[in-house]
Amino acid sequence: MTNPLTTFDIQIPQRLRRVSLHSGLLALFIALPCAPLLAEAVGDVSRANTVSAPHEEFAWMSGGVGDEAREEMRKAAASYNVHVVFSEQRGSYLAGIPFTVTRVAPGNERRLHSALSDGPLLYLKLPPGSYRIAAQIDGVWQTQQVQAGAAGSPARLSFVGKDK
């Protein structure tokens, strides 16, 4: 007979399984060192904001997934003259949204940039002028016109999708 203090029962669908305490401790000993790696990987995703490359025509920043990323975006907001938010009708934020920026001048339109916003917040630092911002939400492209000016008073846009 086995000692009841060194074994325990676990329920596996449609059967009861007896596991020794030694086996359970061994599994825990093996799995514990991996826990910080998994936590760090998840944490990195929630903190990562994307910043445009220095060689691009204008600067932009997207992200805002998680408290730290949102705080980083909030601190940087004053440097950008167009602020965009992606959400559903009930207010749930959206991430992974394709967007384009097109410069609109009389008789001349020029697409400046296409990318993917990694989070619900997208900040653009555009030269003063008229632009069309487009975003694809739920497979449908939505467009809005915006007049970019000085960074001190940003233009604010909101793209809203249907609730799922």
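**Note on the fold, its cores and two chosen residues**

1. Start with V101. Neighbours within four places in sequence are set aside here. V101 is then in contact with F58, R110, R111, L112, H113, L124, L126, Y131, R132 and I133. Note that this is a predicted model.

2. Next, the overall make-up. The protein has three helices and 11 strands. Along the sequence they run β-β-α-α-β-β-α-β-β-β-β-β-β-β. Of the 164 residues, 32% are buried. Take the contacts between residues at least 6 apart in sequence: 53% of them join residues at least 24 apart. The exposed surface is about 10500 Å², and 58% of it comes from carbon and sulfur atoms.

3. Now the main core. In soluble globular proteins, nonpolar side chains tend to be buried together. Here the largest nonpolar core holds 22 residues. V82, F86, V101 and L124 have the most contacts inside this core. Two or more residues come from each of β5, β6, β8, β9 (129–137), β10 (140–148) and β11. Strand β9 gives the largest share, four residues. V101 also touches L124 directly, as its contact list shows.

4. A further core lies apart from the one above. This other core has seven residues, among them M61, A76, A77 and Y80.

5. On to the sheet. Five strands make an open sheet with mixed pairing, in the order β3-β4-β8-β5-β11. Strands β3 (50–51) and β11 (155–161) are at the edges. Each has a single partner strand, so one of its sides has no neighbour in the sheet.

6. Strand β8 sits between β4 and β5 in that order. Strand β4 (residues 59–63) pairs with β8 (residues 121–125) in the antiparallel sense, over five bridges. Two of the bridge partners in β8 are worth marking: K125 for A59, and Y123 for M61. M61 is also a member of the seven-residue core. On the other side, β5 (residues 82–88) and β8 pair over four bridges, again in the antiparallel sense. There V84 stands opposite L122 of β8. Is β8 enclosed or open? Four of its five residues are buried, so β8 is largely enclosed by the rest of the structure.

7. A helix covers part of this region. Strands β4 and β8 pair over five bridges. Helix α3 (residues 67–76) packs on the sheet and touches both β4 and β8. The direction of α3 makes about 155 degrees with that of β4.

8. Look at T100 in strand β6 (residues 97–105). Is T100 buried or exposed? T100 has a relative accessible area of 7%, and the cut-off for buried is under 20%, so T100 counts as buried. Leaving aside neighbours within four places in sequence, T100 is in contact with R111, H113, S114, R132, I133, A134 and W141. R111, H113, R132 and I133 also appear in the list for V101.

9. Compare Q147, in strand β10. Its relative accessibility is 53%, and exposed means over 50%, so Q147 counts as exposed. Setting aside neighbours within four places in sequence, Q147 is in contact with G129, S130 and A155. Q147 and G129 are 18 residues apart in sequence, yet their C-alpha atoms are 5.7 Å apart.

10. Which polar atoms does the side chain of Q147 meet at G129 and S130? One of its polar atoms lies 3.4 Å from the backbone oxygen of G129. Its side chain also makes a polar contact with the side chain of S130, at 2.7 Å.

Conventions
Residues numbered from 1 in each chain as written. Predicted model: local features only at pLDDT ≥ 70, side-chain atom pairs only at ≥ 80, totals over all residues. Heavy atoms only, no water. Pairing = 2+ DSSP bridges. Contact = heavy atoms within 4.5 Å. Axes fitted to C-alpha atoms, helices over the stretch in contact; angles between N-to-C directions. Buried < 20%, exposed > 50% of the residue type's maximum accessible area, 1.4 Å probe, protein only. Areas by Shrake-Rupley, 256 points an atom, 1.4 Å probe, with all protein chains shown as cover. Core = buried A, V, L, I, M, F, W, Y, C linked by side-chain atoms within 4.5 Å. Polar contact = N/O pair within 3.5 Å; in protein donor to acceptor, adjacent residues only side chain to side chain.
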